[in-house]
Amino acid sequence: MNERILLVEDEEALRVTLSDRLRAEQYVVETAADGIDGSDKASNQPFDLIILDLMLPGRGGLDICRDVRAAGIATPILILTVRDDTVDKVVGLKLGADDYVTKPFVAAELLARIEVLLRRVPTHSGRGEYDFGIFCIDLRRGQVTRDGKPVYLTAREFQLLRYLIERSGATVPREELLRSVWGHSANLLTRTVDTHVFSLRQKLEQIPNVPELILTVSGVGYKFVGGPGR
Ligand code: CA
């Protein structure tokens, strides 16, 4: 449990009611009241689910949906649409949203949809928490701590780290990382992987220039070696 949900909704009453209800269900809820803040949070923080209103000041929900997917973030997106707005539903699903709920809705319906979407999140299988001595990571909650203090990782950095940890000890080629972490739709250079590894090292390694956790395998890719308990 304790999945992290981002709720982007400009209607204050709905935002407050809904986030209270979600917290009562033990979800960790972050909110955004406009499209700019929503897009920023959705693209830069790790979430297990994003609930997105479509009509928003600043940046529309469909644009945010596009931003998130263009950034290669695979977090499930549930869009909130106004009744009978079939076009928006279709466009939303095409842009990468996973499901939609029509306003007005009953909370029970929304909660049921959320459960279905969260069940698809692969982080729910296997172990959730790892202690690498230098840092700890809780895959379920999307949290990383170093010396007991939270370390801020972007959603992509988190996904990259998780991918490497789950293949601990194995050399993972850059191409595989691009394909699996960024998604095949992303038309990116393998250099992208290097810059993200660089950033992860700055945040996690004791001496970033002399990495002990994420090693470079020359000409191939990277290898995570911080086995649990080491
Ligand atoms: Ca709205």
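Two strands count as paired here if DSSP finds at least two bridges between them. With that criterion in place, I turn to the sheet of this predicted model.

Strand β3, residues 49–53, and strand β4 meet that criterion, being joined by 4 bridges and running parallel. Within this pairing, Ile 51 has Leu 78 of β4 standing opposite. Helix α3, which spans residues 61–70, lies across β1, β3 and β4, and runs at about 150° to β3. Helix α5, residues 107–119, also packs on the sheet; its contacts are with β1, β3, β4 and β5, and its direction makes about 170° with that of β5.

Let me move on to the next pairing. Strand β4, residues 77–82, is connected to β5 by 5 bridges, and these two strands are likewise parallel. Thr 81 has Thr 102 in β5 as its bridge partner.

How do the side chains along β5 alternate? In this strand, residues 99–103, Asp 99, Val 101 and Lys 103 point to one face and are buried. Tyr 100 and Thr 102 point to the other face and are not buried.

Finally, the sheet as a whole. It is an open sheet of 5 strands with parallel pairing, in the order β2-β1-β3-β4-β5. Why is one side of β2 and one side of β5 left without a neighbour in the sheet? Both β2, residues 28–32, and β5 stand at the edges, and each has a single partner strand, so one side of each lacks a neighbour in the sheet. Direction ignored, neighbouring strands of this sheet are turned by 20° against each other on average.

Technical notes:
Residues are numbered from 1 along each chain as its sequence is written. This is a predicted model: local features need pLDDT of at least 70, side-chain atom pairs count only at pLDDT 80 or more; totals for chains, interfaces and linings use all residues. Side-chain values use heavy atoms; hydrogens and water are left out. Buried means under 20% relative accessible area, exposed over 50%, partly exposed in between (1.4 Å probe, protein chains only). Axes are lines fitted to C-alpha atoms, for helices over the stretch in contact, and angles run from 0 to 180 degrees between N-to-C directions. Contact means heavy atoms within 4.5 Å.
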